[in-house]
Amino acid sequence: MPSPIVVQVVVDKPLSQGFDYLWDEKTLGVEPKVGQLVKVPFARSSAVGMVIKVSTHSDYEIDKLKSVAQVAPLPPFDPASLRLMNFASQYYIHGLGETIIPTIPQMWKKPFDWEKIPKKISAAKEKKKEQEKDEATEGYIAEAQLNQAQESALEKLRQLKSENSFSATLLQGQTGSGKTAVFLNWLRNILESESAQVLILVPEINLTPQLERRVRAYFPDKKMVVLHSGVSESKRGLAWYQAFTGDAKIILGTRLAALTPLPNLRAIVVDEEHDSSYKQQDGIRYSARDLAVWRAHDLKIPILLSSATPSLETWMAAKAGRYQYLRLDQRAQGAGLPRVHLINTRDPQAQFSPGDPDKPESKLSFSKPLVKAIAENLQSKKQSLVLINRRGYSPVLSCNACAWLSKCNQCSSYMVMHKAGALGRKSVLSCHHCGLVKPIPSHCPDCGNVDLKALGQGTQKLEDEVEIAWPGARVLRVDTDSSRKSKGAEELFQEIHEGKVDIVVGTQMIAKGHDYQNIGLVAVLDADSRLFSQDFRAAERLFAQLVQVAGRAGRASKDGELAGDVYIETQFSEAPVFQYLLRHDVDGFLAHIASERDEAKLPPYSYQSLIHSEAKSLDKAIGFLSGLKGRLKALGLIGPGLRVYDPVPKSMMRVAGVERAQLVIESEDRRQLQDVLEAIDRELRANSQGRISKQDRIRWLIERDPISI
Ligand SMILES: [Zn+2]
Ligand SMILES: [Zn+2]
């Protein structure tokens with residue numbers, strides 16, 4: 001009797017190991033291969049999993065093993081992609097199955113539909129051919145003319161080997177300096193090789209439509225696919241397949257594209273590499289940028305990281321010579337840098353007095369200099385962007401008589417007041433953390449007072465105020481609420497581009513990656529609210545956002561005029577983040593925070609990890625982590641160089657009725673931290689079912705390199 005074939009299969013479950021199954025070649029019709037997607041019986045049902053080992057041996061009784069039920073109509077994952085998955089699983093302390101399976105689009109995880117897939121693929125191929133011809137690339141031309149700085153950066157990139165040699169390059173240049181044109185020209189060289197694939201990562205969906213058209217204009221003859229969460233499941237399933245088989249040569253996508261198997265990958269670009277949306281915040285909490293660097297290193301190919309405000313990690317690597325460092329220090333189309341103005345709101349001169357004849361009719365809460373500047377900007381027929389990072393009408397509703405506040409009863413946050421929208425909905429209170437929505441109370445629930453006040457302002461209130469202050473101006477609000485309604489974000493952006501709007505009120509989302517032609521003024525109203533935070537990265541993030549926002553002012557002015565103006569209202573104009581911004585000194589700012597971090601031995605001068613716990617009560621969540629810390633001590637795992645802090649409640653302690661706590665573990669030695677985390681994982685798993693402790697039903701998770709503490 002021939003010895004049976006045994007395969008080990010991992011499934012999408014929080015398990016540290018795979019399971020053995022028998023492979024019956026006769027029924028399945030194919031040989032078993034590592035990397036093959038299959039359907040297997042699992043528990044009392046079935047699951048889709050991946051073969052990670054083929055052998056003739058099992059530690060279990062062969063007779064008791066179940067058999068693989070079905071094989072997906074998909075070639076096996078290539079060895080390099082499996083190496084990437086294995087690395088991600090180990091580094092981020094996450095099961096291999098729950099690392100791999102979620103990266104595969106739904107279409108490939110429905111075994112009852114597997115039979116129909118080959119037909120779908122050929123049908124799509126036919127349709128695609130026709131569509132591609134009509135796809136509009138209008139208005140986007142490949143820049144033929146590069147300036148001198150761009151040319152010299154491009155020349156250095158062209159000298160990099162694209163085969164059998166890893167290199168990482170930081171391309172740093174202010175917004176409008178033409179970084180995109182440089183990397184697209186470079187990729188053009190790489191794509192001269194017939195089979196080559198390139199991966200371009202961008203931070204948010206928001207950025208893709210514009211960049212997509214631009215990339216298509218550069219590579220009209222190359223097959224390109226776009227992968228992000230906004231693409232429909234069936235479309236994404238096909239696009240992923242084309243990338244997977246090497247058919248698509250250009251893969252443009254958000255962080256979820258970073259783990260796509262690409263058999264002929266020759267170069268990677270990570271645009272806006274500092275952006276926090278590269279960090280996955282649920283499931284396996286990976287950094288798409290860090291994995292991309294690992295992948296380039298593993299494949300021995302070049303990777304380019306591009307940013308106006310690099311992350312401290314990347315900037316230091318470039319400074320130290322570990323990354324090649326390229327700079328673009330002039331704005332491409334001759335536009336100058338915006339003039340930054342700090343408005344000190346503590347200065348009485350900056351405020352309107354109640355009887356001021358110049359005070360606008362409304363209760364406009366802007367400072368005097370800002371009102372004047374917007375009025376002048378309107379007069380010179382330029383657009384203004386007014387930013388506040390809070391959507392809704394007002395962040396909290398309050399009662400003056402008894403100090404009642406609209407707290408969410410499920411979270412440690414307030415419910416935001418939203419006024420009736422364009423769709424005729426009623427005004428509501430909404431919690432931005434758990435999604436709870438309630439009608440606005442007609443009177444105070446505590447004391448019965450009917451005079452409830454909306455405290456503070458969000459985008460909706462700002463929109464109202466601006467409309468009253470400048471009745472002749474055309475005002476548009478852009479935030480996730482407005483873009484979810486009748487118009488998509490793209491349509492809203494289009495209105496700005498076409499000059500149909502005078503004043504745009506919105507959140508940070510306006511500022512990302514859009515080249516507006518006629519913005520004369522940008523105002524930031526709530527910078528201070530993001531200045532103070534328990535998170536040591538708050539200033540770095542605020543600085544990057546302000547630079548990005550400022551970059552929207554006066555880009556490529558039509559009439560050859562120089563830059564626009566940026567106004568920042570703050571009570572703390574002496575804070576370093578504002579002072580460096582005033583001088584456009586990105587490197588100065590990064591050097592400043594580098595020395596702060598060095599002193600405190602914070603990342604990148606050390607490596608960090610978080611253990612999260614969630615429970616019905618805060619005591620239990622904290623107690624669980626204290627217990628863990630105690631056991632680590634008892635097991636002798638807390639050696640010199642390792643810092644294990646005391647467990648603390650999270651800054652958003654309560655979300656949707658769940659209390660949350662965290663434990664920070666830090667080391668200057670990456671290996672030491674890795675070993676301890678693996679030990680913690682083993683320790684916790686021994687007393688858990690999946691990631692829920694057996695004794696107290698506490699949910700736990702290990703996170704590597706957290707970006708918010
Ligand atoms: Zn009251
Ligand atoms: Zn809530």
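Start by selecting C402. With a relative accessibility of 32%, this cysteine counts as partly exposed. Keep in mind as you click around that you are looking at a predicted model. Now jump to C444: its relative accessible area is just 1%, so this one is buried. While you're on cysteines, how many disulfides does the count come to? The answer is 0, going by sulfur atoms within 2.5 Å of each other.

Next, zoom out and show the whole protein as a cartoon. You should find 19 helices and 30 strands. Turn it along its principal axes, and the C-alpha atoms fill a box of roughly 100 × 65 × 55 Å. A compact globule of 709 residues would have a radius of gyration near 27 Å, and the protein's 28 Å agrees with that. Switch on a surface if you like: about 32,200 Å² is exposed, and carbon and sulfur atoms supply 50% of it. Of the 709 residues, 54% are buried. Among contacts with a separation of 6 or more, 73% are between residues 24 or more positions apart.

Time for some rings. The structure holds 13 aromatic pairs. Select Y218 and F219 to see one of them: the ring centres are 6.0 Å apart and the planes meet at 40 degrees, so the pair is tilted. Are these two residues buried or exposed? Both Y218 and F219 turn out to be buried.

Now pick F543 together with F589. Their ring centres lie 4.0 Å apart with the planes at 15 degrees, so this pair is stacked. Colour the helices and you'll see that the pair links distant parts of the chain, 46 residues apart: F543 belongs to helix α15 (residues 538-550), while F589 belongs to helix α17 (residues 586-600). F543 has 3% relative accessibility and so counts as buried. F589, at 2%, is buried too.

For a bigger group of rings, select F77, W108, W240, Y241 and F244, which form one aromatic cluster.

Finish with two arginines. Show R346 and F572 as sticks: the charged end of R346 sits over the F572 ring, 5.4 Å from its centre. Then move to Y580 and look at its face. Which residue lies over the face of Y580? That's R583, at 5.1 Å from the ring centre.

Technical notes:
Residues are numbered from 1 along each chain as its sequence is written. Chains are lettered from A and ligands numbered from 1 in the order in which they are written. This is a predicted model: local features need pLDDT of at least 70, side-chain atom pairs count only at pLDDT 80 or more; totals for chains, interfaces and linings use all residues. Side-chain values use heavy atoms; hydrogens and water are left out. Rings of Phe, Tyr and Trp (its six-membered ring) pair if their centres lie within 6.5 Å; planes under 30 degrees apart count as stacked, over 60 as edge-to-face and the rest as tilted. Buried means under 20% relative accessible area, exposed over 50%, partly exposed in between (1.4 Å probe, protein chains only). Helices (H or I, at least four residues) and strands (E, at least two) are DSSP runs, numbered from the N terminus. A charge sits over a ring if NZ of Lys or CZ of Arg is within 6 Å of the ring centre and within 35 degrees of the ring normal. The radius of gyration is taken over C-alpha atoms; the globule rule is 2.2 Å times the number of residues to the power 0.38. Contact means heavy atoms within 4.5 Å. Accessible areas come from the Shrake-Rupley method with a 1.4 Å probe; for residues, only the protein chains shown count as cover.
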